[in-house]
Amino acid sequence: MYYTYHDISLYYEKHGNQGNNILILPGWGDTRPTFQNLISSLSISSTVYIIDYPGFGNTKFPNHSMTIYDYADMIHSFLVDLNLEDALLIGHSFGGRIITLLDGYYHYPHNHFIFIDCAGIRPKKTFQGWLRGKWYQFLKKIRYLLPSKAKEKYSSWLFQKFASPDYQALPKNMRVTFQNIVNTDLFYYLRKMKSRVLLIWGEKDESTPLSDAEKMKKEIPNSELIVLRNLGHFPYLERPNWIYQIIMAHLEEIHFFNS
């Protein structure tokens, strides 16, 4: 199924047809199949929705760049137009960025969210990172001194040497959007969140480290943190049954099935 948001045809799927609504917001680059185990389990007692972000799965990327605010507004419109404002939102990584803005910036009227290894806190700059950036800027200037035939090859070498794997994997028309997203620090909005938030985190996460979870737990007024020992950034893939049991226990606690 498709939902139209401005010039974007947002693909989504609906699983199950009973109980309360749940919307899963995947991480950057993830699509529906990675959540199949969780969807199958949750859709037994709930109606589960999941989307493909622009540029991934069945949703085409528009002919312009986007910001994280655009994504949050798109999801807000999706929830309102499909009468899903009562839905429980589960966000993994990038999906957590969207939820943070829905609550902390747009003040979306909600009560409960679940974050799984959420992104949104910019890492502190290290001396090594600062030095690497300066070195990159210096090497970029050399390009203008090269003959025309060598410039393209040199630029390609710089790109391979300094760009992150996630950035390199993107088509050119999505790279500005990626930069917009990762350069937006959402730390300020965490303390403005009014909803109850369950934080589920892999202890060994290297993409969004456990220290991020501890900061979020401290900043979000009504939050709880569950740390999963020896798991990484994708605990719902590593131990899907654990994640399902934690979510179900939380839903029982907040009386989700009786609301």
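This report describes the fold, the nonpolar cores and selected helices and loops of a predicted protein model.

In this predicted model, local features require pLDDT of at least 70 and side-chain atom pairs count only at pLDDT 80 or more, while totals for chains, interfaces and linings use all residues. Residues are numbered from 1 along each chain as its sequence is written, and side-chain values use heavy atoms, with hydrogens and water left out.

**Overall organisation**

The protein contains eleven helices and eight strands; these are DSSP runs numbered from the N terminus, with helices (H or I) of at least four residues and strands (E) of at least two. Of its 259 residues, 49% count as buried. Here buried means under 20% relative accessible area, exposed means over 50%, and partly exposed lies in between, with a 1.4 Å probe and protein chains only. Among contacts (heavy atoms within 4.5 Å) between residues at least 6 apart in sequence, 73% join residues at least 24 apart.

**Nonpolar cores**

A nonpolar core is a set of buried Ala, Val, Leu, Ile, Met, Phe, Trp, Tyr and Cys residues joined through side-chain atoms within 4.5 Å. The largest such core has 48 residues, of which Y71 and I98 touch the most other members. Helix α2 (residues 68-81) is the greatest contributor to this core, giving seven residues. Apart from this core lies another, of 25 residues, including L42, Y236, I247 and L251. Beyond its neighbours within four places in sequence, Y71 contacts W28, Y53, P54, F61, M66, F94, I98, T177 and I181.

**Helix α3 and its packing against α2**

Eleven of the eleven residues of helix α3 (residues 94-104) are buried, so the helix is largely enclosed by the rest of the structure. The cover over these buried residues includes strands β3 (21-25), β5 (88-92) and β6 (112-116), together with helices α2, α7 (175-182) and α8 (187-190).

Helices α2 and α3 pack with their axes 9 Å apart and at an angle of about 75°. The axes are lines fitted to C-alpha atoms, for helices over the stretch in contact, and angles run from 0 to 180 degrees between N-to-C directions. The two helices are therefore roughly perpendicular to each other, a class that spans 65 to 115 degrees, whereas angles under 35 count as roughly parallel, over 145 as roughly antiparallel and the rest as oblique. On the α2 side the contact involves I68, Y69, Y71, A72, I75 and H76, and on the α3 side F94, R97, I98, L101 and L102.

**Loop residues**

T184 lies in the loop between α7 and α8. Its side chain reaches the backbone oxygen of N180 at 2.6 Å. Not counting residues up to four places away in sequence, T184 touches I68, Y69, R97, G120 and R122.

Two other loop residues, N83 and S93, have a positive phi although neither is a glycine. Their values are tabulated below.

| Residue | Loop | Phi | Relative accessibility |
|---|---|---|---|
| N83 | between α2 and β5 | about 55° | 62%, exposed |
| S93 | between β5 and α3 | about 50° | 11%, buried |

T184 is likewise buried, with a relative accessible area of 18%.

How values were computed. Polar contact = N/O pair within 3.5 Å; in protein donor to acceptor, adjacent residues only side chain to side chain.
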